[in-house]
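Me: I should like to learn how to read a protein model feature by feature. May we proceed from the overall picture to a single residue?

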Amino acid sequence: MLAAAVVVAALASGCGIRTTSVPVDAGPAPSRVPCSVSGDEVATQATGMPVRVFLVCGSQLEAVDRRSPLPEEKVGGDPVRTASTLLAQLQSEPSDSEREAGFSTAVKGPLVVTGGHKGDPADTLRLSRQPEDLTPTALAQIVCTFARSAAGAGGETVVLGGPGGYPPHRYRCTAELRERPESAAPTVTAPTPSAS
């Protein structure tokens, strides 16, 4: 009887998974939220310029289509105004349906964007805080949103600086950054100053 109890206990305690001393990175935990908003919501939003921003969902960055309250003719062709519009969208709380789909934002105000300083590359955008002072996830959202818009510097990059005299850096929106926004945003070769 005792032997049968020991066998049953041994079988019950073993679940078939062997322990290992080697660390295993299995990636982020699976998410049960859909991380998508129906196109009907975007269609019913107020008229304005269609924009795409990157929000956090399931510990990754996912693109969300929205409409800016500004008409397209007020924004088109002006990278600083485009960036300001996108930054305002990143700082706004997700809508009810976005929240239900699992979206959130790490970009908190007050935060504004302006053009570059004298001597900066022509495509520089300056934030009212140093990019390095933002949380890694907030910076990843800004980098990917700007880099994949008309505010970007091309090649899925954006040149960002802060309010002080520190030189700006060219940040790249990579697949790895979108998958792990809590990691440091990658920079590429330092931009060269403009001739002006």
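The dialogue below takes up confidence, overall make-up, the sheet and its helices, and one residue.

Me: What is the mean pLDDT of the protein, and where is confidence lowest?

Reply: Where pLDDT is low, the predicted coordinates should not be read in detail. The present model is a predicted one. Its mean pLDDT is 81, and 70% of the residues reach 70 or more. Helix H1 (residues 2-13) has the lowest confidence, with a mean of 50, whereas H6 has the highest, at 97. Within residues 6-12 the pLDDT falls below 50, and beyond near neighbours in sequence this stretch makes zero contacts in the model.

Me: How many helices and strands does the protein have, and in which order do the elements run?

Reply: One counts the elements and then follows them along the chain. There are seven helices and seven strands. Starting at the N terminus, their order is α-α-β-β-α-α-α-β-β-β-α-β-β-α. Of the contacts with a separation of 6 or more, 57% link residues 24 or more positions apart.

Me: What is the strand order in the open sheet of three strands, and which strands stand at the edges?

Reply: The order in space is read from the pairing of strands. Here the open sheet has the order S2-S1-S3, and the pairing is antiparallel. Strands S2 (60-67) and S3 (103-104) each have a single partner strand and stand at the edges, so one side of each lacks a neighbour in the sheet. Strand S1 (residues 50-57) is joined to S3 by two bridges. Phe 103 in S3 is the bridge partner of Cys 57.

Me: Which strands does helix H6 touch, and what angle does its direction make with that of S1?

Reply: For packing, one notes the strands touched and the angle between directions. Helix H6 (residues 136-147) packs on the sheet and touches S1, S2 and S3, its direction making about 155° with that of S1. Helix H4 (residues 79-91) lies across S1 and S2 and runs at about 35° to S1.

Me: Is Thr 137 buried or exposed, and with which residues is it in contact?

Reply: Burial is judged from the relative accessible area, with under 20% as the cut-off. Thr 137, which lies in helix H6, has a relative accessible area of 18% and is therefore buried. Apart from neighbours within four places in sequence, Thr 137 contacts Val 56, Ala 106, Pro 181 and Glu 182.

Me: What share of the 196 residues is buried, and what is the accessible surface of the protein?

Reply: Such totals describe the whole protein. Buried residues make up 35% of the 196 residues. The accessible surface is about 11,300 Å², and carbon and sulfur atoms account for 58% of that surface.

Notes
Residues are numbered from 1 along each chain as its sequence is written. This is a predicted model: local features need pLDDT of at least 70, side-chain atom pairs count only at pLDDT 80 or more; totals for chains, interfaces and linings use all residues. Side-chain values use heavy atoms; hydrogens and water are left out. Two strands pair if DSSP finds at least two bridges between them. Helices (H or I, at least four residues) and strands (E, at least two) are DSSP runs, numbered from the N terminus. Contact means heavy atoms within 4.5 Å. Axes are lines fitted to C-alpha atoms, for helices over the stretch in contact, and angles run from 0 to 180 degrees between N-to-C directions. pLDDT is the predictor's confidence in each residue, from 0 to 100. Buried means under 20% relative accessible area, exposed over 50%, partly exposed in between (1.4 Å probe, protein chains only). Accessible areas come from the Shrake-Rupley method with a 1.4 Å probe; for residues, only the protein chains shown count as cover.
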